[in-house]
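Visitor: I'm new to reading protein models. Could you walk me through a few features, one at a time?

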Amino acid sequence: MTKLQVDHTGALFIPAEELIQLGLQPGDHVGIEANDTGLLLRKLVTSVPPAVSVQQAIARKNLQTGIQFIKGVGPKLAELLAKRGIHTVEDALFCLPHRYEDRRQLIPIRQLKPGLTQVFQGTVVSAETATTKGGRKVFEAVVQDESGSIVLKWFHANGVWMKRTWQIGKQGVFTGEVTSFGWKPEVHHPDVEWLEKGADVNAVMAADPVNFGRIVPVYPLTEGLHQKGMRRVMRQVVDTFLPNLENILPQSLLSTYQYLPLQEALGQVHLPPLEAPLIDLNEGRTLAHRSLAFDEFFFWELGLALKKRGVALEEGISFQVTHRYTKELIKLLPFQLTGAQRRVLSEIKADMMAPHPMHRLVQGDVGSGKTLVALMAALVAVENNYQVAIMAPTEILAEQHWHNIHHWCDQLGITVVLLTSGMQGKAKKEAMQQVADGRAAIVIGTHAVIQDKVEFSRLGLGIIDEQHRFGVLQRGILKKKGANPDILVMTATPIPRTLAMTLFGDLSLSVIDELPPGRTPINTKIYFESRRKQVYEMIHREIDQGRQAYVIYPLVEESEKSDLKAATQMAEHLQADIFPGLRLGLLHGRMKPEEKEAVMASFKNRKLDILVATTVIEVGIDVPNATMMVIEHAERFGLSQLHQLRGRVGRGSHHSSCILLTAGKLSEDGEKRLRVMEATTDGFRIAEADLEIRGPGDFLGTRQSGMPDFRVANILRDGTILEQARSAAVKLLQQDELLQSTEGQRIHQELLQRWGRRLELAGIA
């Protein structure tokens with residue numbers, strides 16, 4: 001019997017083995033009763049769900065084992081693995097193969113097919129360094145079997161070392177992607193497993209089941225790390241530690257969608273079953289891959305659903321719609337609101353009148369009138385004596401919003417203040433004072449709006465423009481500037497539905513899917529440098545008919561390192577040499593706000609024929625008489641940006657054109673982008689193409705996109721799985737609202753571990 005001792009603090013320590021014998025686990029609540037004969041420990045059954053069992057604790061500890069302690073790894077290999085982000089056994093389990101090779105059987109050389117990675121056996125019959133017509137040195141070896149021969153090639157190889165290794169008569173098993181050169185198959189940089197003289201190839205392959213006789217995983221590497229060594233480590237980790245991984249999602253939930261538990265799915269992704277189709281493995285479409293994608297999506301969507309529910313449960317501001325300012329603004333407008341604008345406004349007003357904080361995303365294509373919708377929402381808050389903060393990602397965008405909004409608000413007697421990090425001294429101090437004492441009803445700015453020093457008197461509504469450039473955290477900071485203000489998020493970048501669900505699942509979605517009447521389709525064409533003269537003639541023709549034109553450049557001033565044409569120099573050249581009789585204006589981001597406003601006003605009032613600009617005009621300028629846009633170096637712009645720029649023309653009833661001028665040295669992606677622009681003006685189609693070409697991270701601007709880092713899930717490929725995960729997450733919360741059941745507690749704990757900080761979830765549920 002174990003002797004228990006009291007330590008110097010008066011605490012009694014009971015070893016884990018004794019606890020297990022007593023039927024107790026760490027975290028159990030215990031009642032203690034003292035009598036003449038000793039102490040009676042009694043397990044208390046409480047509403048607190050059982051904590052982690054000893055076995056679970058041991059399993060979790062095992063997963064945290066440092067990778068250097070795995071047999072055959074050691075400090076040097078551990079250092080290389082750390083470069084790939086593998087520090088622990090758990091990191092290794094989640095380092096997934098990025099492709100697979102079929103090494104199930106040897107293929108006769110004559111039957112090797114270009115485009116496939118295949119395994120074949122052969123004997124080296126020649127090995128020499130050759131020189132190509134261009135003077136390049138290439139090491140070539142010819143290998144043959146009974147059916148034929150094939151050339152193997154290495155570029156940048158050490159010829160002396162290769163000659164020593166690739167001796168004539170040596171036999172080996174070779175693996176590599178078969179290509180064709182002049183109708184002849186060849187393999188570049190193959191893997192090789194040399195055979196002892198007289199060795200049976202089948203016996204050799206059978207003795208190395210990690211690298212042969214199956215579909216073999218190919219892992220991402222780093223310099224100094226080799227595939228063979230990586231596979232050996234991964235196989236050992238999977239065989240030894242996979243059973244320690246906990247299946248958090250209940251079988252009942254997985255069965256609904258016929259997915260595998262996490263442990264089984266992960267095992268099959270590392271070691272695919274013999275019958276697994278190679279194409280499905282390489283495209284991430286096997287049941288195992290889909291199960292892992294579901295697991296990732298589920299926890300992300302559950303986090304967003306919890307966040308959304310947390311917002312709905314919080315006490316917010318219940319605004320009254322008095323029409324004091326909104327009706328007056330409608331009278332001032334020279335046009336009528338579209339049906340889509342009215343519908344979205346109704347959705348916003350309903351949210352604002354509710355007793356819980358609004359969290360709504362408004363999507364609208366270029367020119368659909370989002371700014372006006374945002375202003376109407378702002379006026380509802382101002383009617384209730386609350387302040388409004390409008391946050392834009394750049395100073396230029398903030399200034400343009402200020403320019404548009406203060407124009408209307410001045411006529412309504414409402415004070416609008418601009419607040420950007422570029423403002424200095426007295427002007428900034430005065431603006432901040434007006435925000436603090438409540439004189440400023442609407443505050444427009446950049447990140448400066450959420451700085452610690454900025455204090456609002458009574459913030460009731462936060463409006464965030466171009467949300468994809470702000471992370472979830474910035475939204476949270478803005479929210480803390482008031483007592484649970486309503487949040488309205490706007491984007492002119494049409495975001496495909498799966499991406500909107502991934503990023504903004506905690507927001508309600510409104511789409512302004514109708515353009516104001518009178519808009520004409522824009523004819524878009526790619527022109528190469530050789531047709532520049534023709535483009536200038538087209539500009540002349542438009543201006544002769546009383547229209548105006550934009551010429552857009554990617555840079556403000558030329559730099560020695562860049563061959564891009566720059567706005568400042570080209571404006572001078574166009575004025576002096578190409579359009580001497582016309583009135584040109586220049587607009588770029590380094591100009592002062594009042595200078596920009598003066599140039600924009602001149603262009604709008606037809607005092608200028610051509611506006612030479614950088615991407616400053618991407619959003620916000622509305623000149624119906626401008627019917628032509630020429631974008632220089634169009635290949636340097638992203639698709640969404642090109643679409644935004646093009647949206648500056650086609651705003652009136654006259655026919656409009658957009659010319660994408662390019663030097664002609666196009667990358668494959670560059671050409672794809674420009675061809676999409678030629679083919680469609682549909683913002684959602686363009687956004688989807690942009691997403692396909694660039695991937696989610698680049699599409700959104702990775703740094704602050706709030707885009708989750710999924711290991712397996714792909715929002716383009718796995719849209720259906722995302723819908724299922726969202727539905728499952730919502731259903732779980734309907735059944736277990738506070739995640740208080742035993743299963744719910746485990747899921748909640750896992751969620752906090754994965755996404756808690758990213759989604760600011762600690763305080764919810």
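Visitor: Let's start with a helix. Which residues of α25 are buried?

Guide: Keep in mind that this is a predicted model. A residue counts as buried when its relative accessible area is under 20%. In α25, the buried residues are Gly 719, Ile 721, Leu 722, Ala 725, Ala 728, Ala 729, Leu 732 and Leu 733. The helix itself runs over residues 719–735, which makes 17 residues. From first C-alpha to last, α25 reaches 25 Å, close to the expected 24 Å.

Visitor: Which residues of α11 meet α25?

Guide: Contact means heavy atoms within 4.5 Å. On the α11 side, the residues are Arg 290, Ala 293, Phe 294, Phe 297, Phe 298, Glu 301, Leu 302, Ala 305, Leu 306 and Arg 309. Their partners in α25 include Ile 721, Leu 722, Gln 724 and Arg 726. Sorted by character, the residues of this contact are 14 nonpolar, 1 polar and 4 charged.

Visitor: And why are α11 and α25 called oblique to each other?

Guide: Angles under 35 degrees count as roughly parallel, and 65 to 115 as roughly perpendicular. Helix α11 (residues 287–313) packs against α25 at about 50 degrees, with the axes 7 Å apart, and the two are therefore oblique. Their crossing is right-handed.

Visitor: Now a single residue: is Ile 487 buried or exposed?

Guide: Ile 487 has a relative accessible area of 0%, so this residue is buried. You can find Ile 487 in strand β16, residues 486–491. Look for His 359 too: the C-alpha atoms of Ile 487 and His 359 are separated by 4.9 Å, although the two are 128 residues apart along the chain.

How values were computed
Residues are numbered from 1 along each chain as its sequence is written. This is a predicted model: local features need pLDDT of at least 70, side-chain atom pairs count only at pLDDT 80 or more; totals for chains, interfaces and linings use all residues. Side-chain values use heavy atoms; hydrogens and water are left out. Helices (H or I, at least four residues) and strands (E, at least two) are DSSP runs, numbered from the N terminus. The expected span of a helix is 1.5 Å times one less than its number of residues. Buried means under 20% relative accessible area, exposed over 50%, partly exposed in between (1.4 Å probe, protein chains only). Axes are lines fitted to C-alpha atoms, for helices over the stretch in contact, and angles run from 0 to 180 degrees between N-to-C directions. Angles under 35 degrees count as roughly parallel, over 145 as roughly antiparallel, 65 to 115 as roughly perpendicular and the rest as oblique. A crossing is left-handed if the near helix is turned anticlockwise from the far one by less than a right angle, and right-handed if clockwise. Ala, Val, Leu, Ile, Met, Phe, Trp, Tyr, Cys and Pro count as nonpolar, Asp, Glu, Lys and Arg as charged, and the others, Gly among them, as polar.
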